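Grab a pencil and have a go at the exercises below before you peek at the solutions. Keep the picture open while you work.

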Amino acid sequence: MIVTITPNPSLDRTYELPTLTPGEVNRAAHDRLDPGGKGVNVSRALTAAGHRTTAVLPLGGLSGGLLSDLLRRQGIDVAAVTIAGDTRINVSIAEDGGGLTKINAVGPELSAAESAALLALVRDTQRIGRGTGNDVDWLACCGSLPRGLAPEWYAQLVAQVHSGGARIALDTSGPALLAALSARPDVVKPNREELAEAVGRQVTTVGDAVDAAGELRKRGAQQVLASLGADGMLLIAEEGSWFGSAPVAVVRSDVGAGDASLAGFLGAGGTGPEALAAALAHGAAAVQLPGSVMPTPADLDPAAVVVTADIPLERPLRG
Ligand SMILES: O=P(O)(O)OC[C@@]1(O)O[C@H](CO)[C@@H](O)[C@@H]1O
């Protein structure tokens, strides 16, 4: 089974409207509330695809209670540390035609005891599964670190999870990503901006992304699954390198699309071109759904996915 950990989860409130007019009262045509946070979304997508998963997370306040209820209603197994602070609420404003404005709250500050309790809960979840048919194959740790957790927190987690015998997928950015690389995560999943930030130079072509991913591998990442938005995804690993794309006619909301991709990748084994194709199919399906709704197998169109080892290095990236 696949365990996810989201140290800074959220309730995601989405407002859909034709056009956002800043500085005025805008009235939404539709609104929705989804459980959020990157690891939470990975668990939602895995559950939608019929995989066993547990979402480990800190929860606090009324918002934390609501997040827990929403997850249980969606049939997601939750293992939570109760914290003193309030779980954050993030807001997305989705305009017709694909424009998206997102405001992510900073979230609660975790105490040293709460931070240690979270690491202990991951260890227990991994230990309890062992030998019961629920062995943890992968642990996906995703999203920003809340205040109170040092940038090295993910590095500590990678070492702990490896010593318990599971593989680890890491989707984070900035100092937390850089600090975790030397602990040799099995896969990291940066987007184009995160790749550029990590290597300290611009990424304007597919070839630039390949070079940046190669640098992350040199610094310790075993595989790099890089999402390049509408241009596709790259998988750079010891066994080989592949590029893939999955064209989408109309983007409705790309919130959580990267999380859906990671779920597709891990659900398909977490290595090789078939897993990359599954990641692309999940990401393409997710952007066509409202808010951060995660795709079910019926939403996927695997025939639209193209994966090749012949990487178009010179191709410029859009946007
Ligand atoms: O602030 P972070 O942790 O970087 O990102 C949080 C978040 O934007 O990521 C998910 C989409 O990937 C949303 O559910 C959530 O609101």
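**Exercise 1.** Work out the strand order of the open sheet in this predicted model, and find which strands stand at its edges.

*Solution.* Start with the order: the four strands run β3-β2-β6-β7, and their pairing is mixed. Now look at the ends of that list. β3 (30–36) and β7 (100–103) have a single partner strand each, so one side of each is left without a neighbour in the sheet. As for twist, neighbouring strands are turned by 20° against each other on average, ignoring direction.

**Exercise 2.** Describe how β6 and β7 pair, then find the helix that packs on the sheet.

*Solution.* First, the pair: β6 (residues 88–95) meets β7 in the antiparallel sense, over four bridges. Within it, I93 sits opposite T101 of β7. Next, the helix: α2 (residues 61–73) packs on the sheet and touches β2 (10–17), β3 and β6. The direction of α2 makes about 90° with that of β3.

**Exercise 3.** Find out what surrounds the ligand, and how much of the ligand's accessible area the protein covers.

*Solution.* Begin with the shell: it has 14 residues, and the closest are D12, N90, K102, S144 and D259. Sorted by class, that shell holds no nonpolar, nine polar and five charged residues. Then check oxygen atoms of the ligand. One is 3.0 Å from a backbone N or O atom of G37. In the side chain of K38, an N or O atom lies 3.0 Å from a ligand oxygen, and for the side chain of N104 the distance is 3.1 Å. Finally, coverage: on its own the ligand has 400 Å² of accessible area, and the protein covers 87% of that. β2, α1 (38–48) and β6 are the elements giving two or more residues to the shell.

Technical notes:
Residues numbered from 1 in each chain as written. Predicted model: local features only at pLDDT ≥ 70, side-chain atom pairs only at ≥ 80, totals over all residues. Heavy atoms only, no water. Pairing = 2+ DSSP bridges. Axes fitted to C-alpha atoms, helices over the stretch in contact; angles between N-to-C directions. Contact = heavy atoms within 4.5 Å. Near = heavy atom within 4 Å. Polar contact = N/O pair within 3.5 Å; in protein donor to acceptor, adjacent residues only side chain to side chain. Areas by Shrake-Rupley, 256 points an atom, 1.4 Å probe, with all protein chains shown as cover. Nonpolar A, V, L, I, M, F, W, Y, C, P; charged D, E, K, R; others polar.
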